[in-house]
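Trainee: Could you take me through one part of this model closely, choosing a single strand and following what surrounds it? I would like one connected account rather than a list.

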Amino acid sequence: MSVRIVDVREVTKPISSPIRNAYIDFTKMTTSLVAVVTDAVRDGKRVVGYGFNSNGRYGQGGLIRERFAPRLLEADPKTLLDSSGGNIDPDKAWATLMSNEKPGGHGERSVAVGTIDMAIWDAVAKIAGKPLFRLLAERHNRTADPRVFVYAAGGYYYPGKDLSALRGEMRGYLDRGYNVVKMKIGGASIAEDQERIEAVLKEIGNRAQLAVDANGRFDLETGIAYAKMLREYPLFWYEEVGDPLDFQLQAALAEFYPGPMATGENLFSHQDARNLIRYGGMRPDRDWLQFDCALSYGLCEYLRTLDVLKTHGWSPSRCIPHGGHQMSLNIAAGLGLGGNESYPDLFQPYGGFPDGVRVENGHITMPDLPGIGFEGKSDLYTEMKALAS
Ligand SMILES: O=C([O-])CC(=O)C(=O)O
Ligand SMILES: [Mg+2]
């Protein structure tokens with residue numbers, strides 16, 4: 001039985017909150033929600049794949065509706081099929097989306113394509129009748145591991161938030177089963193940030209580790225000043241110190257920071273990822289890579305990024321993607337990434353886990369739901385269904 005994409009729908013939704021990192025506030029943040037409607041039927045229901053983009057970049061309604069969705073809908077349906085003819089080939093769909101696009105200049109376009117790519121993979125796994133993580137493991141001759149490390153990201157600057165509120169937030173994450181928590185730095189003076197870090201470390205004691213995230217705010221001098229302060233603490237990582245494309249800054253920083261560094265959430269292509277690995281001084285024995293497929297041309301591109309890493313001696317287990325969505329949970333469980341971010345109280349209903357999934361010892365276990373598993377998260381699925389119906 002042949003399959004066809006009959007519609008691609010997009011709606012832009014708010015994911016706003018009054019939080020602030022060192023670079024932006026999220027008072028006007030939005031996301032694009034996409035439905036790829038097929039004519040396939042499984043369990044008596046039409047198969048619809050869903051996707052959305054991660055926080056930090058805004059909804060991509062214009063690009064999706066005007067440029068990318070029409071390419072998919074105008075393509076000869078046969079050119080999008082796999083060799084069996086019974087399912088969509090995500091790489092063929094991806095090539096169609098990217099037809100007549102020049103190389104370079106990754107950003108915004110990569111978010112739009114990543115969002116549609118998520119919906120296509122969801123549809124492909126649903127048509128195959130499998131969880132996406134199991135489909136990926138099979139296609140890559142691996143054994144899926146449904147148990148995935150997750151950490152709690154938060155610790156934002158927030159109007160009126162004092163140290164006791166910050167400590168309370170972190171205590172809440174430990175009570176929910178996390179053993180790594182993350183907080184923002186670089187949005188206050190170094191003395192004030194040090195006070196915030198010490199307050200959190202006192203709160204979490206030896207029950208958890210702390211990661212800190214500067215969101216690309218620092219120049220080299222400030223990044224080094226913070227490195228000298230931070231290296232006195234046993235941190236899980238020091239994240240995104242300077243501009244995402246300033247590989248020389250990242251490499252210079254390694255000389256002042258022996259502990260783990262993390263970066264990559266604002267690199268949007270395998271070529272940019274390769275430049276980070278070539279020139280950024282990142283160390284495969286301790287550092288972490290945070291490329292987020294939902295911002296960077298999707299899973300088809302992420303697979304190319306993983307190939308780049310392999311060529312340069314990096315294990316997929318050094319990747320813990322940004323974004324806190326179920327797509328990266330599937331990639332982690334299927335392809336052996338080191339884990340995934342999560343934001344326990346933010347960006348709902350898009351982030352998080354299917355209903356009933358609990359964090360235990362810093363890990364979740366993926367339920368066996370067809371596709372990415374969105375149908376298992378009722379608040380999210382309510383929004384998705386409204387778009388498709
Ligand atoms: O605050 C943000 O933009 C999100 C972020 O950096 C992260 O989750 O690492
Ligand atoms: Mg970050």
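Mentor: A residue is called buried here when its relative accessible area is under 20%, and in this predicted model that label applies to D213 and likewise to E265. Both residues will return below, but the part to look at closely is strand β5, which spans residues 180-184.

Strand β5 is mostly covered, with five of its five residues buried. The cover extends to both faces, since V180, K182 and K184 lie on one side and V181 and M183 on the other, and each of these residues is buried. On the side of strand β4 (residues 147-153), the pairing with β5 is parallel and rests on two bridges, with A152 standing opposite V181 of β5. Strand β6 also runs parallel to β5, and here five bridges join the two; within this pairing, K184 stands opposite D213 of β6. Between β5 and β6 the chain passes through helix α6 (residues 190-204), and the resulting β-α-β crossover is right-handed.

The residue opposite K184 leads on to the metal site. D213 contributes an OD donor to the magnesium ion (ligand 2), while E239 and E265 contribute OE donors, and these protein donors lie 2.0 to 2.2 Å from the ion. Along the chain the donors follow the spacing D-x25-E-x25-E. D213 belongs to strand β6 (residues 209-213), whereas E265 sits in the loop between β8 (261-263) and α9 (270-279), so the pair ties together parts that are 52 residues apart in sequence.

The other thread from β5 runs into nonpolar packing. Leaving aside neighbours within four places in sequence, I197 is in contact with M183, and also with I185, L210, V212, M229, L230 and Y233. I197 is itself among the residues with the most contacts inside the largest nonpolar core, together with I185, L210, L230 and Y238, and this core has 134 residues. Its largest share, 11 residues, comes from helix α3 (residues 109-128), and the core draws at least three residues from each of domain 1 (5-129) and domain 2 (139-387).

To place this at the level of the whole chain, the C-alpha centres of domain 1 and domain 2 lie 23 Å apart, and 42 residues of domain 1 are in contact with 50 residues of domain 2. Strand β5 can thus be read in two directions, through K184 opposite D213 and through M183 in contact with I197.

Terms used: Residues numbered from 1 in each chain as written. Chains lettered and ligands numbered in written order. Predicted model: local features only at pLDDT ≥ 70, side-chain atom pairs only at ≥ 80, totals over all residues. Heavy atoms only, no water. Core = buried A, V, L, I, M, F, W, Y, C linked by side-chain atoms within 4.5 Å. Buried < 20%, exposed > 50% of the residue type's maximum accessible area, 1.4 Å probe, protein only. Helix = DSSP H or I, 4+ residues; strand = E, 2+ residues; numbered from the N terminus. Domains from an automatic or database assignment. Contact = heavy atoms within 4.5 Å. Donors = N, O, S within 2.8 Å, 3.2 Å for Na, K, Ca; no water. Pairing = 2+ DSSP bridges. Right-handed = clockwise from strand over helix to strand, strands pointing away.
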